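Q: I'd like a close look at one part of this model: the contact between protein and DNA. Please take it one strand at a time, then go on to how the helices pack.

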Protein chains: 2
Amino acid sequence: MGRKATIEESELMTRLSRVFRDVGYEGATLTSLSAETGLKKASLYHRFPGGKEQMAREVLEDAASWLEENLLSPLRGDGKPEARIRAMTRKLDEFYSGGKQACLLNMLTSARIQEGPFVKPIKDLFDVLIRTLADLLCEHGLEQDEARQRAERAVMLLHGSLVLSRGTGSTQPFKRFLKTLPDELIG
Amino acid sequence: MGRKATIEESELMTRLSRVFRDVGYEGATLTSLSAETGLKKASLYHRFPGGKEQMAREVLEDAASWLEENLLSPLRGDGKPEARIRAMTRKLDEFYSGGKQACLLNMLTSARIQEGPFVKPIKDLFDVLIRTLADLLCEHGLEQDEARQRAERAVMLLHGSLVLSRGTGSTQPFKRFLKTLPDELIG
DNA sequence: GTCTATAGGAAGATAGAC
DNA sequence: GTCTATCTTCCTATAGAC
């Protein structure tokens, strides 16, 4: 006891992210964030002077970076659209831990907060994901309207499958969604 | 000031439900529940000795009753399956206030609570909704597997559209989902 | 950069008058 | 059955030692 803790930056963000994804912004307490990271409250405040809000903001930025690097950038890359989409499904499986973890975007969204530090970033993430998917489908030969529609549909199915997985206590819905996703988009 | 409040049972449940649907279980405070209903904290405790947890439990039971009466029962009724499905879309539109309100099932679900008073009811609600939809599709002539798959997808799209609507601050995703739902199921 | 200790406030919950 | 007033607990945040 009383031993000094130490934690790597990326691991720190991962642990914080897990708490917010599990219980949402309101449900996350300094105590739980401290327990999950191994850092005492005062240490967390040293790293995040803005407290819980800053932690959630940085976790969100971290997720946006991951998304850009691991999902969006590859989607914009070259190679057959079909192959890029299959690569995306593998990354989604990884990002959501096979359906065991909820989506940060869902867990950080609450009505009654029309403004606030999360509203704009979350909306932007949804928008860019749908847009990037739609662009890929256009490139694959679909009409713009149809592409946009299918992209939005895929994002709905993604988040719906996560809600359903969490609600039923089974990762099956998410896994089934992943399996049908390529056909959903370009089938 | 100091005036006694009074509120009808069904209106009370509606108000409480709105708070939980807006900010989730952890986000709902006795203060906000009191403000929304007009009843002081002590009055809420008189009606719900179990406090916030009992309020959420009863709100969930209330939602289950509404679902059974307004969605499931009509789905099992007679009339052409297509007509029953269109009736369902209208009820969904009403239940979710045109996409402005989140789903209670999503907002009361949090990981880290593998047990607890909400887990079982929520799972049961998801299951019965999917099962009832699947039965209807079977009746309409679809194979059991295909029916089950489409029913699950429809529920995913419903919840995904609500997540997306909330996250983007627009009811458009939910409205678009409602429009395509009949084709989604029996098209 | 982490810790212990604690201040200050909000949250859940209760007692008792009306 | 609703209220005011209060209690206790938990949470956010800070001070200061190491």
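**The surface facing the DNA**

A: Start with DNA strand D: α2, α3 (41–47) and α4 (51–76) of chain A, along with α3 (41–47) of chain B, each put at least two residues into the surface near that strand. Keep in mind that this is a predicted model.

How many residues surround DNA strand D, and which are the closest? There are 18, and the closest are A:Leu30, A:Lys41, A:Tyr45, B:Lys40 and B:Ala42. Sorted by class, the surface near DNA strand D has 7 nonpolar, 6 polar and 5 charged residues. Now flip the view and look from the DNA side. Of the atoms of strand D within 4 Å of the protein, 62% belong to sugar or phosphate, and the rest belong to bases.

Some individual atom pairs are worth clicking on. The side chain of B:Ser43 has an N or O atom 2.9 Å from a phosphate oxygen of DNA strand D. From chain A, a backbone N or O atom of A:Ala28 sits 3.4 Å from a phosphate oxygen of strand D. B:Ala5 also joins in with its backbone: one of its polar backbone atoms is 3.3 Å from a sugar or linking oxygen of DNA strand D.

On to the other strand. For DNA strand C, the elements that each supply at least two residues of the nearby surface are α3 of chain A plus α2 (30–37), α3 and α4 (51–76) of chain B. Strand C is surrounded by 18 residues, and the closest are A:Lys40, A:Ala42, A:Ser43, B:Leu30 and B:Tyr45. Sugar and phosphate make up 63% of the atoms of DNA strand C that come within 4 Å of the protein. As for chemistry, the surface near strand C is built from 7 nonpolar, 6 polar and 5 charged residues.

Which backbone atoms should you check on this strand? B:Leu30 has a backbone N or O atom 2.6 Å from a phosphate oxygen of DNA strand C. For A:Lys40, a backbone N or O atom is 2.8 Å from a phosphate oxygen of strand C. B:Ala28 also has a backbone N or O atom by a phosphate oxygen of DNA strand C, at 3.4 Å.

Since α2 of chain A is one of the elements lining strand D, look next at what packs on it. Helix α1 (residues 9–27) of chain A packs with helix α2 (residues 30–37) of chain A at an angle of about 140°, and their axes are 9 Å apart. That angle is why α1(A) counts as oblique to α2(A). The crossing of α1(A) past α2(A) is right-handed. On the α1(A) side, A:Leu12, A:Arg15, A:Leu16, A:Arg18, A:Val19 and A:Phe20 make the contact, meeting A:Ser32, A:Leu33, A:Glu36 and A:Thr37 of α2(A). Split by class, the contact of α1(A) with α2(A) has 5 nonpolar, 2 polar and 3 charged residues.

For a bit of context, follow the two chains to where other helices of A and B meet. Helix α8 (residues 144–168) of chain A packs with helix α7 (residues 119–139) of chain B at about 125°, with axes 8 Å apart, so α8(A) is oblique to α7(B). Here A:Val163, A:Leu164, A:Gly167 and A:Thr168 of α8(A) touch B:Val119, B:Ile122, B:Lys123, B:Phe126, B:Asp127 and B:Ile130 of α7(B). This contact of α8(A) with α7(B) contains 6 nonpolar, 2 polar and 2 charged residues.

Technical notes
Residues are numbered from 1 along each chain as its sequence is written. Chains are lettered from A and ligands numbered from 1 in the order in which they are written. This is a predicted model: local features need pLDDT of at least 70, side-chain atom pairs count only at pLDDT 80 or more; totals for chains, interfaces and linings use all residues. Side-chain values use heavy atoms; hydrogens and water are left out. Axes are lines fitted to C-alpha atoms, for helices over the stretch in contact, and angles run from 0 to 180 degrees between N-to-C directions. Helices (H or I, at least four residues) and strands (E, at least two) are DSSP runs, numbered from the N terminus. Angles under 35 degrees count as roughly parallel, over 145 as roughly antiparallel, 65 to 115 as roughly perpendicular and the rest as oblique. A crossing is left-handed if the near helix is turned anticlockwise from the far one by less than a right angle, and right-handed if clockwise. Contact means heavy atoms within 4.5 Å. Ala, Val, Leu, Ile, Met, Phe, Trp, Tyr, Cys and Pro count as nonpolar, Asp, Glu, Lys and Arg as charged, and the others, Gly among them, as polar. A residue is near a molecule or strand if one of its heavy atoms lies within 4 Å of it. A polar contact is a pair of N or O atoms within 3.5 Å; within protein, one must be able to donate a hydrogen and the other to accept it, and residues adjacent in sequence count only if both atoms are side-chain atoms.
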